[in-house]
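Got the model open in your viewer? Set it to cartoon view, keep the selection box handy, and we'll walk through it one stop at a time.

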Amino acid sequence: MSRRSFLALAGLTGAGLALSACAGTGGTTVQGGDANTITWWSSHPGTSKEVEQELIRRFREKHPDITVNLVDAGKNYAETAQKFNAALSGGDLPDVVLLSDVWWFNFALTGQIADIGALAKDNGIDTSTFVPSLYDDYSFRDGHYAMPFARSTPLFYYNKDAWSAAGLPDRGPTSWQEMADWGAKLQGGLDGNRRAHGWGDAKNYMSWTFEGALWTMGGAYSRGWDLTLDSDETVKAVQWLRSSVRDGWATVSKDLASDFSAGLLASTVASTGDLSGITKNATFPVGTAFLPNPTGQGGCPTGGSGLAVPSNISDERKRNAVTFIDFVTNPANTAYWSRQVGYMPVRTTAADDPEQKTFMADNPNYRTATEQLPTTRPQDNARVFIGGGDQSIGAVLETLATTDKDVRGELSRVTDELQATFDRDIKPKL
């Protein structure tokens, strides 16, 4: 079941759907406050705080009567969502909040974020130029509950110097089996604690960055609402993940971008949002490629985050909030954001921006994510729709990659936990 199909169905469940990831009850009290002061909660994805501040500066040039306060809402998407969830229980709400692919729909289901599509329409804002697949990721019932902002896919990053030293062609591997063969060659030329490849740990979205590899090996976390974590295909793929670490050419990293940039990893799978930082910090030529995908179909998940507006703030605050979101995602600004950080431009018309045309021609690494879009597919329900699925799956993958625990047994344990959550919170509502 695709994200859009699920959300259409979820619309039948009503706001009473109990999701463990979203416990805040909020209430019906509308928070007033100064409508001309916008508070933006962000985790600064891709170490983007300075870029966000530049977007704010540009906005204030056009709207000098409106102040924008950028608030550090957490180190990552999860911490931002938890802070927002806590505010729903009685704290001061922001005007704009950054919510990831794993978190936004929890708040939409419980009515805690506004229909931003309706807000846009009421305020004469045109949403037709958003990349359709990215904008429709936030569709729910008859509306949209966020605007795409820091949207990404995983990319395969590689150290061209290490590739050359190992006698490898200047490209990414076409399959993960080819990467295993290359890993042995690469490892032969690496010393100390350097490794040919790095996987992210659970906190660094291992369940997301491994999802594409899992798909190309025939596995999945779920198919529709059928959990397949302990299927033969998934077990085999996770056993392969473990072998990559046991064979010595791969490791699990707590900071992929930094470790890759420092030369500790010859390759990795990381977000497009890491591209700018990696390019800036690496002391070697960086290559980017599609994720290995021998079938050519659905080998890469989309991801990232969008900007949402809380339901329980005044109409004046909502109007200024959606005006701000529209501005920071307009063609020129989403192109600037993409060039500076690495995320994909979220407007189709960004391709017509003169600076963007020149930049993309001169920087082919930034074209990889856009060119990879046709090979993407919606993420598995188990990761993005079942409360806690992302971290539960990521934690078990990290454990199995780095310990001797029984693969099928651990995957079955997590399957049972997620199944219990589904049976309790979702199945009765379908």
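What follows is a tour that starts with the whole chain, moves to a sheet and its loops, and ends with a few helices.

**Stop 1: the whole chain**

Keep in mind as you go that this is a predicted model. With everything selected, you're looking at 20 helices and 16 strands. The radius of gyration is 21 Å, close to the 22 Å that the globule rule gives for 430 residues, so the chain is as compact as a globular protein of that length. Turn the C-alpha trace around and you'll find that it spans about 60 × 50 × 35 Å along its principal axes.

How much of the chain is buried? Of the 430 residues, 58% count as buried. On the outside, the chain exposes about 16800 Å², with carbon and sulfur atoms supplying 47% of that area. As for contacts between residues with a separation of 6 or more, 75% come from residues 24 or more positions apart.

**Stop 2: an open sheet**

Now pick out the five strands of the next group. They form an open sheet in the order β2-β1-β3-β15-β6, with mixed pairing. Select 67-72 for β2 and 147-152 for β6: these two stand at the edges with a single partner strand each, so one side of each has no neighbour in the sheet. Going across the sheet, neighbouring strands are turned by 20° against each other on average, ignoring direction.

Zoom in on β1, residues 37-42. It runs parallel to β2, and 6 bridges join the two. For one of the pairs, click Trp41, whose bridge partner in β2 is Val71.

**Stop 3: two helices across the sheet**

Add residues 49-62 to the view. This is helix α2, which lies across β1, β2 and β6 and runs at about 170° to β2.

Then add 77-87, helix α3. Which strands does α3 lie across? The list is β1, β2, β3 (96-100), β6 and β15 (303-308), and α3 runs at about 130° to β3.

**Stop 4: the loops around these strands**

Go to the loop between β1 and α2, where you'll find His44. Its phi is near 55°, a positive value in a residue other than glycine. Thr47 lies in the loop between β1 and α2 too, and the phi of Thr47 is also positive, near 50°.

Are these two residues buried or exposed? His44 has 12% relative accessibility and so counts as buried, whereas Thr47 is exposed, with a relative accessible area of 74%.

Next, select Ala73, in the loop between β2 and α3. With a relative accessible area of 5%, Ala73 is buried. Try a distance label from Ala73 to Ser43: they're 30 residues apart in sequence, but 5.5 Å apart in space, C-alpha to C-alpha. Show the surroundings of Ala73 and, leaving aside neighbours within four places in sequence, you'll find contacts with Trp41, Ser42, Glu79, Thr80 and Lys83.

**Stop 5: α14 and α15**

Select 315-328, helix α14. At 1.5 Å a residue, its 14 residues should span 20 Å, and the end C-alpha atoms are indeed 20 Å apart. Its buried residues include Phe324, Ile325, Phe327 and Val328.

Move on to 331-341, helix α15, which is mostly covered: 8 of its 11 residues are buried. Among them are Tyr336, Trp337 and Arg339. What do the buried residues of α15 pack against? Their partners are α2, β6, α13 (275-281), α14 and α16 (354-362). Right after α15 comes Gly342, with a positive phi near 120°.

**Stop 6: a glutamine in α8**

Select 176-187 for helix α8 and find Gln187 in it. Gln187 has 17% relative accessibility, so it falls under the 20% cut-off and counts as buried. Beyond its neighbours within four places in sequence, Gln187 is in contact with Arg194, Arg195, Ala196, Gly248 and Trp249.

**Stop 7: α20**

Last selection: 407-425, helix α20. Its 19 residues should span 27 Å at 1.5 Å a residue, and that agrees with the 27 Å between its end C-alpha atoms. Show side chains and look for the buried residues, among them Val407, Leu411, Val414, Leu418 and Phe422. The buried residues of α20 pack against β10 (226-227), α11 (232-246) and α19 (389-402).

Note on methods
Residues numbered from 1 in each chain as written. Predicted model: local features only at pLDDT ≥ 70, side-chain atom pairs only at ≥ 80, totals over all residues. Heavy atoms only, no water. Pairing = 2+ DSSP bridges. Helix = DSSP H or I, 4+ residues; strand = E, 2+ residues; numbered from the N terminus. Axes fitted to C-alpha atoms, helices over the stretch in contact; angles between N-to-C directions. Contact = heavy atoms within 4.5 Å. Rg over C-alpha atoms; globule rule 2.2 N^0.38 Å. Buried < 20%, exposed > 50% of the residue type's maximum accessible area, 1.4 Å probe, protein only. Areas by Shrake-Rupley, 256 points an atom, 1.4 Å probe, with all protein chains shown as cover. Expected span 1.5 Å × (residues − 1).
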